[in-house]
Each structure stands twice: as C-alpha cells, then as structure tokens.
Amino acid sequence: SPAMNQGWLSGFRNYFSNDQLSYAAIATNVSNGHFAFVEPFTQTNSLYYPSLWYQVLGVFSRFTGIPVYTAWNALGTLAVCSLIAGLGVIALLLSRKAWAPIVPSLVLLVGTFATLTSDYWYTSLGHHAVLWGPFGALFTLNAEAIGLCLNGLALGLLAYAGFRRDEARKQRIWLLVITGILIGFT
C-alpha cells in the first residue's frame, strides 16, 4: 500500500492525492483556527465537500496539538475498529457463537485482487465494473469511510433490533432511534 514505507501515524494516505489534499486542507485550516467554510484551493466561500469529518479532525488536532495527518490516521482507524468491534458484538449477541465476533474482521481481507489485474495495490478507474473491497473503500479514512462505518453500525443495530423480538419494546425503540440518528447524521 502507499503507506507501507511510512510511519503509521505520520504516513499520508496518498490515494487520489488531489482529493486527499483538499480534505486535509480543510482539516488544517480548522486546526489553524480558520473555521470559515471555504474551498481550500479557490477560496470561493463555497464548500461542496462533506466537511464535518475534516472539521472534527481539525478541532481534534487543534486541541491536542497533534498534526492533522496523525489525527486523521488515529481517529479514522478508531472508527473502523469501532465498526468491527460493534458488528462483532452484534454477531455474538445474535448468534450466541464464540467465533461470530471474528467474522466482521475477516471482511477486511476481501479485496479486488488488483495486483493480479493492474499490477498495483488498487484497481484504477480505467477498469470498469470494479467491485471495491472493504480495504479499498476504507483505506483513505476520509469522510466517506467514516460514513460507511456509521451506516454499517446502524445497519447492524437495525438487524439486532429486528431479530431480537424478545427484547423489551422500549429497548428496541431506543435501538431504532439510535439507528435513525446514525443514518441521519451521515
């Protein structure tokens, strides 16, 4: 991967770098105390990017004093790990099988086999009808990856609420409310 020869906390996830640098610029602006909603390159005072995640990264970076790229890697990895742990707990509660929590983490091993078709770690856009594996979709840890994590957890909670009819009605309603909040938030 592009982060292979870089430090885990210092490596920039260089994947479609113009997009990544735009997102990083939003977080860096916020980290430096510039909270205006401006597009990083043109300064048009119009921001079309889904920027809440980058603003969170900037605020976290500002208050902790750590660089934006470190906050990006640490918080993004925490989000993915939280999704996997949450789905693992849901799988355990639904199935009552000791091995069930392992299944969500195995999904990250599914990839596009890009090295076989394009001799690189990811499949380029020139290859049509590519089904991206979870690793390819989550690698950048950008706002879209965080949205996938939130929606994945929401769908897991929805499945839990649907399959556990023996739970108290009030508890199931709260699960549905939390699910709606997570989906609506993204």
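Which residues are buried in α2? In this predicted model, the buried residues of α2 are W53, Y54, Q55, L57, G58 and S61. Helix α2 covers residues 52-64, and the distance between its end C-alpha atoms, 18 Å, agrees with the 18 Å that its 13 residues should span at 1.5 Å a residue. Just after α2, G65 adopts a positive phi of about 80 degrees.

The protein as a whole contains 8 helices and 0 strands, and the order of elements along the sequence is α-α-α-α-α-α-α-α. Of the 186 residues, 34% are buried. The accessible surface amounts to about 11200 Å², and carbon and sulfur atoms account for 67% of that area. Where contacts between residues at least 6 apart in sequence are considered, 57% connect residues at least 24 apart.

Two further helices were examined for their length. Helix α3 is made up of 28 residues and extends 40 Å from first to last C-alpha, close to the 40 Å expected at 1.5 Å a residue. Just after α3, R96 has a positive phi of about 60 degrees. For α7, the 21 residues should span 30 Å at 1.5 Å a residue, and the end C-alpha atoms are indeed 30 Å apart. The buried residues of α7 are A143, A145, I146, G147, C149, G152, A154, G156, L157, Y160 and A161.

The largest nonpolar core comprises 21 residues, and W53, Y54, L57, W72, V80 and C149 have the most contacts inside it. Two or more residues of this core are supplied by each of α1 (17-31), α2, α3 (68-95) and α7 (143-163). Helix α3 provides the largest share, with 8 residues. A second, separate core holds 7 residues, among them I90, A154, A161 and L175. In the largest core, C149 is one of the residues with the most contacts. With residues up to four places away in sequence left out, C149 touches A79, V80, L83 and L138.

Y54, located in helix α2, was considered in more detail. Its relative accessible area is 0%, below the 20% limit, and Y54 is therefore buried. Beyond residues up to four places away in sequence, Y54 touches Y23, I26, A27, W72, N142, A143 and E144. A polar atom of the Y54 side chain lies 2.8 Å from the backbone nitrogen of A143. The C-alpha atoms of Y54 and S22 are separated by 9.9 Å, although the two residues are 32 places apart along the chain.

There are 2 aromatic pairs in the structure. In one of them, Y23 and Y54 are stacked, with 4.7 Å from centre to centre and 10 degrees between the planes. Because Y23 belongs to helix α1 and Y54 to helix α2, this pair ties together parts that are 31 residues apart in sequence. Y23 has a relative accessible area of 7% and is buried. The rings of Y54 and W72 also pair; their centres are 5.6 Å apart and their planes lie at 35 degrees, so this pair is tilted. Here the link runs between Y54 in helix α2 and W72 in helix α3, distant parts of the chain that are 18 residues apart. W72 is likewise buried, with a relative accessible area of 3%. Y23, Y54 and W72 together form one aromatic cluster.

The final residue considered is T179, which is found in helix α8 (residues 169-185). The relative accessibility of T179 is 4%, and T179 therefore counts as buried. Apart from neighbours within four places in sequence, T179 is in contact with A154, L157 and L158. Of these contacts, A154 and L157 are among the buried residues of α7, and A154 is also included in the second core.

How values were computed:
Residues are numbered from 1 along each chain as its sequence is written. This is a predicted model: local features need pLDDT of at least 70, side-chain atom pairs count only at pLDDT 80 or more; totals for chains, interfaces and linings use all residues. Side-chain values use heavy atoms; hydrogens and water are left out. Helices (H or I, at least four residues) and strands (E, at least two) are DSSP runs, numbered from the N terminus. The expected span of a helix is 1.5 Å times one less than its number of residues. Buried means under 20% relative accessible area, exposed over 50%, partly exposed in between (1.4 Å probe, protein chains only). A nonpolar core is a set of buried Ala, Val, Leu, Ile, Met, Phe, Trp, Tyr and Cys residues joined through side-chain atoms within 4.5 Å. Contact means heavy atoms within 4.5 Å. A polar contact is a pair of N or O atoms within 3.5 Å; within protein, one must be able to donate a hydrogen and the other to accept it, and residues adjacent in sequence count only if both atoms are side-chain atoms. Accessible areas come from the Shrake-Rupley method with a 1.4 Å probe; for residues, only the protein chains shown count as cover. Rings of Phe, Tyr and Trp (its six-membered ring) pair if their centres lie within 6.5 Å; planes under 30 degrees apart count as stacked, over 60 as edge-to-face and the rest as tilted.
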